[in-house]
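Q: Please take a close look at a single part of this model, the open space and the strands and loops that go with it. I would like one connected account, with the cut-offs behind each term.

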Amino acid sequence: MDRCESWFGKRSLRSSNHEQGNFKDRFIPYRPELNVESAHMQLFSRSPNEKSLQGGVESPGVKEYSRRLSVVLNEQHGILPTHGCGSTCNSPSRPTTTRRSSTPWLMDLGEEVFSSPSPRAAKRHVSTAPDRVLDMPGLRDDFYCNVLDWGPNGCIAVALGANTYVWNVKNEECKRLRLHLPELEDFYVSSVAWSKVGETLAIGTCQGDILLWDATSMKVVKNFRTRDHCHVGSLSWSKDKLMSGSRKGKISIYDPRDPVVCSSLSGHKRDVTNLKLSTDEEFLASGGDDGIVNIWSMRNNSVYRRIESHKACAKALAWCPWRPSVIASGGGSNDGHIRLWHVHTGEKLTEVDTKSQVCSLMWSSVCHELVSSHGVPNADKNSIHLWRTRLMKLEQTTRLQQHSRRPLHLAISPDGTTLASLGADENLCLWRCFPSSTPRTSSTDHDSPLQLTKSIR
């Protein structure tokens, strides 16, 4: 009773102080260097030898886990180090009843499992015939261009030589943009990209010009030239910035409101063939003709990770929509590999040898599948593949074949149901590959014991 009375007495005293107006604010630590995604992944990883802890004997797997955890805590990812508790600490270093998410995403001492969580993806029927085939005369057969994009407004932008067209899929209205570009014999549009909200289309040319075309007013609102004055092979948008990659290996970041170079990044010796921004806009991936994939931190505009595994041009890049820290990369003809990487650890999750040129990669957020397009000299092998990720392996589920020449570009509709492929045979194919149902957003999908990036602390 004394303890209970003492406890209640303290509680009543605290309440009385609160009523008298003695408020004290909480201390909320400010940790700008904390990498939440990496901290969550490392702290809540499970070891396959976790049961050995119950016997009191530290297995080799647990030792390796402790070693990796200590390295990460003290050096790599800005997680605050722990004091007074090493790998031989008697208190449990992590909960033994950690809830497993419905999306298998484990990091078991370097052996990572990245599986397609949707069971219906393996059972659904995918039509191997295109829904529509459109003629695209004048398409440039250039591996170093990116001339197809499907915007959030439902419009497809395509560059055919020196002309750029916007096709509204709903009302099937096609418009040729009046850009007033120089009418030269060797002039061409080298890249197109819609903004995040679909109001502005960025257009890059072979002479280093970048034009911003407004979809509302139907006219060019900005026209400026890059510092390199050369081929702009790739464009990418963030919420408030525009990134461009040049043939001289440089990346320029612009403010569209006042198109001056905010910053310039140098990390490639040859062409920058592609630029892809992660879904959380924390990282920018750049692929180069030198076979290098650079992961740039958008916080300080520096190289966060450098991938040098490809033996040929690394043009095909795609960030995973439901795992912002995972990226897929594909190599050219002399490489032919598709690889999945975890950018925080730099580890290769899986790879597959396609024995062909990987032209483009896209992720399906509906069925959690990877889409790839491949080009080879043989006409019967220029195809599009759909892949499931199952137990550290990429499993091909469907093969789509319509193009007689290599399908250079891929794009997915805003609702995630239709795939667009643009081939060197001057055909644009629309494929109904994915179901129309929206992806699940319940807490059972890839939930975790600690989702710091989606909650208020």
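A: A residue is called buried under 20% relative accessible area, exposed over 50% and partly exposed in between, using a 1.4 Å probe and protein chains only. Asn 301 therefore counts as partly exposed, its relative accessible area being 29%. The model is a predicted one, in which local features need pLDDT of at least 70 and side-chain atom pairs count only at pLDDT 80 or more, while totals for chains, interfaces and linings use all residues. Residues are numbered from 1 along each chain as its sequence is written, and side-chain values rest on heavy atoms, without hydrogens or water.

The largest pocket (on a 1 Å grid over the protein atoms alone, an open set of points where a 1.4 Å probe fits, with protein on both sides within 12 Å along at least five of seven lines) holds about 1,300 Å³ of space, a volume being what probe spheres set on the points fill. It is lined by 47 residues (those with an atom within 4 Å of a point), of which Asp 149, Trp 150, Lys 196, Lys 276 and Met 362 are the closest to its centre. Several strands (DSSP runs of E, at least two residues, numbered from the N terminus) each supply at least two lining residues, among them S4 (148–150), S8 (189–194), S16 (272–277) and S24 (357–364). The greatest contribution comes from S24, which gives 6 residues to the lining.

One of these lining strands, S8, also belongs to an open antiparallel sheet of 4 strands, ordered S8-S9-S10-S11. S8 and S11 (219–225) are the edge strands, and because each has a single partner, one side of each is left without a neighbour in the sheet. Within this sheet, S9 (residues 200–205) and S10 (residues 209–214) are paired in the antiparallel sense over 5 bridges, where pairing requires at least two DSSP bridges between two strands. Thr 200 has Asp 214 in S10 as its bridge partner.

The loop between S8 and S9 contains Val 197, which is exposed because its relative accessibility is 57%. The C-alpha atom of Val 197 lies 7.3 Å from that of Asn 153, although 44 residues separate the two along the chain.

Other loops hold unusual backbone angles, since most residues other than glycine have a negative phi. Following S16, in the loop that leads to S17 (283–288), is Glu 281, with a positive phi near 60°. Asn 301, in the loop between S18 (293–297) and S19 (302–307), likewise has a positive phi, near 55°.
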